[in-house]
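Biologist: I'm new to this one and would like a close look at a single part. Could you start with the aromatic rings and then carry on to whatever lies around the ligand?

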Amino acid sequence: MSGFVEKPEPLQVPGLVHLHTGKVRDLYQNEAGQLVMVASDRISAYDWVLPTEIPDKGRVLTRLSLWWFDQLADLVPNHVISTELPPGAPAEWEGRTLVCTSLRMIPVECVARGYLTGSGLAEYEQTRTVCGLALPEGLTDGSELPAPIFTPATKAAVGDHDENVSYEEVARQIGAETAALLRQTTVAVYDRARDIARDRGIILADTKFEFGFDADGNLIIADEVLTPDSSRFWPAADWEPGHAQPSYDKQYVRDWLTSPASGWDRRSEQPPPALPQEIVDATRAKYLEAYELLTGVRWA
Ligand SMILES: Nc1ncnc2c1ncn2[C@@H]1O[C@H](COP(=O)(O)OP(=O)(O)O)[C@@H](O)[C@H]1O
Ligand SMILES: [Mg+2]
């Protein structure tokens, strides 16, 4: 089982048509045909959208994405049109709402990895490959790769795992030209972001981008970028290959959910329980810390 523990009802806003409720974001269309993307405080773990929200998470992720879009602007255009609240939108959307170009999304999760962990590590341990790419012997959990690699995945519906696919499979699905463009752009953006993060004491282990085409056929970077929800950020000072690294993301949530304290069995059919306040607070603090370290700007 997976999905939403409690699926939220979309807000009705005059002038906006509700399109979709994603795991974290709610999508609307305005009268100009633009996409209005509202980042909620929802958090997902183990393929579940949890019943507990993390206060300020939507604002942190929105502000961090905007900061990164600026850092990347010379490499790839992004989908942001405006951060102004659409007329009639509730004040609580302030700071977590982006008016964006509505794109024809490319159905590929564009993952770049500079370090080995997660699903990449699992595949490597079986076959010494990641997404079919051969890697050297002797790598372990947290090892830096000889060079960053493009390891695409197919996007799953809410509640399903994304599935790693080979580059050749992506080229078959979307065409060789678009696949090459995605690979090149993904790795270039990763390289830039990795260097910026490294200067701030953070390892960008891997990250996921989504791209789309605008009406003129330009490749545009969309969704959120380089947030703790879409990336693995590790404190560089604690990096030590050979085991799981501490990270600036949902670690507290995952650790608590899988601990006896939660009373939840991941493999059961049961939805996960509400998070205790101390886990909410610790998780919120991690998201804020990541924002402050990366941008060098105090949250409030
Ligand atoms: N500019 C855009 N145009 C169209 N769709 C977009 C754009 N930017 C992001 N999206 C889509 O909006 C959704 C964001 O909501 P999210 O909660 O992250 O969804 P998901 O559950 O798929 O991760 C994703 O499905 C993403 O592909
Ligand atoms: Mg998403």
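**Rings first, then the ligand**

Modeller: Let's begin with a little group: Tyr115, Trp234 and Trp239 are joined into a cluster by ring pairs. Before we go further, keep in mind that this is a predicted model.

How many aromatic pairs are there? Taking two rings as a pair when their centres lie within 6.5 Å, the count comes to eight aromatic pairs. One of them is made by Phe150 and Tyr167, whose ring centres are 6.3 Å apart. The planes of Phe150 and Tyr167 sit at 75° to each other, and that pair is edge-to-face. Now have a look at where the two partners come from. Phe150 belongs to strand E13, residues 144-150, while Tyr167 is in helix H3, residues 167-174, so this pair ties together parts that are 17 residues apart in sequence. Are these two buried or exposed? Phe150 and Tyr167 are both buried.

Next come Tyr291 and Trp299. Their ring centres are 5.3 Å apart and their planes stand at 90°, so this pair is edge-to-face too. The angle is what decides it, because planes over 60 degrees apart count as edge-to-face. Tyr291 is buried, and Trp299 is as well. Trp299 has another neighbour to point out: Arg63 lies over the face of the Trp299 ring, at 3.9 Å from the ring centre. You'll find a similar arrangement at Tyr124, where Arg128 lies over the ring face, at 4.6 Å from the centre.

Now for the ligand. Which residues are the closest to ligand 1? There are 15 residues around ligand 1, and the closest are Val24, Arg25, His79, Thr101 and Glu210. If you sort the shell around ligand 1 by class, you get seven nonpolar, three polar and five charged residues.

Some of the atom-to-atom distances are worth clicking through. A polar atom in the side chain of Glu210 lies 2.5 Å from an oxygen atom of ligand 1. Over at Leu103, a backbone N or O atom is 3.1 Å from a nitrogen atom of ligand 1. Asp223 also comes in with its backbone: a polar atom there is 3.2 Å from a nitrogen atom of ligand 1. As for how much of the ligand is hidden, ligand 1 has 550 Å² of accessible area on its own, and the protein covers 88% of that. Two elements give two or more residues to the shell around ligand 1, namely strand E3 (25-29) and strand E4 (35-39).

While you're at strand E3, find Asp26, which lies in that strand. With a relative accessibility of 13%, Asp26 counts as buried, because the cut-off for buried is under 20%. The side chain of Asp26 makes a polar contact with the side chain of Arg42, at 2.9 Å.

Let's go back to Asp223 for a moment. Asp223 sits in the loop between strand E18 (219-221) and strand E19 (231-235). Asp223 has a relative accessible area of 17%, so this residue is buried. Its backbone has a quirk as well: phi at Asp223 is positive, about 60°, although the residue is not a glycine. Asp223 and Lys23 are 200 residues apart in sequence, and their C-alpha atoms are 12 Å apart in space.

The loop between E18 and E19 also holds Leu226. Leu226 is not a glycine either, yet has a positive phi of about 55°. With a relative accessible area of 0%, Leu226 is buried.

Two more places are worth a look before you close the viewer. Phe213 is in strand E17, residues 211-213, and is buried at a relative accessible area of 13%. Phe213 and Ile106 are 107 residues apart in sequence, but only 7.6 Å separates them in space, C-alpha to C-alpha. Leu72 is part of helix H1, residues 57-72, and this leucine is buried, with a relative accessible area of 1%. From Leu72 to Tyr190 it is 118 residues in sequence and 9.8 Å in space, again C-alpha to C-alpha.

Notes
Residues numbered from 1 in each chain as written. Chains lettered and ligands numbered in written order. Predicted model: local features only at pLDDT ≥ 70, side-chain atom pairs only at ≥ 80, totals over all residues. Heavy atoms only, no water. Phe/Tyr/Trp six-rings, centres within 6.5 Å; stacked < 30°, edge-to-face > 60°. Helix = DSSP H or I, 4+ residues; strand = E, 2+ residues; numbered from the N terminus. Buried < 20%, exposed > 50% of the residue type's maximum accessible area, 1.4 Å probe, protein only. Lys NZ or Arg CZ within 6 Å of the ring centre and 35° of its normal. Near = heavy atom within 4 Å. Polar contact = N/O pair within 3.5 Å; in protein donor to acceptor, adjacent residues only side chain to side chain. Areas by Shrake-Rupley, 256 points an atom, 1.4 Å probe, with all protein chains shown as cover. Nonpolar A, V, L, I, M, F, W, Y, C, P; charged D, E, K, R; others polar.
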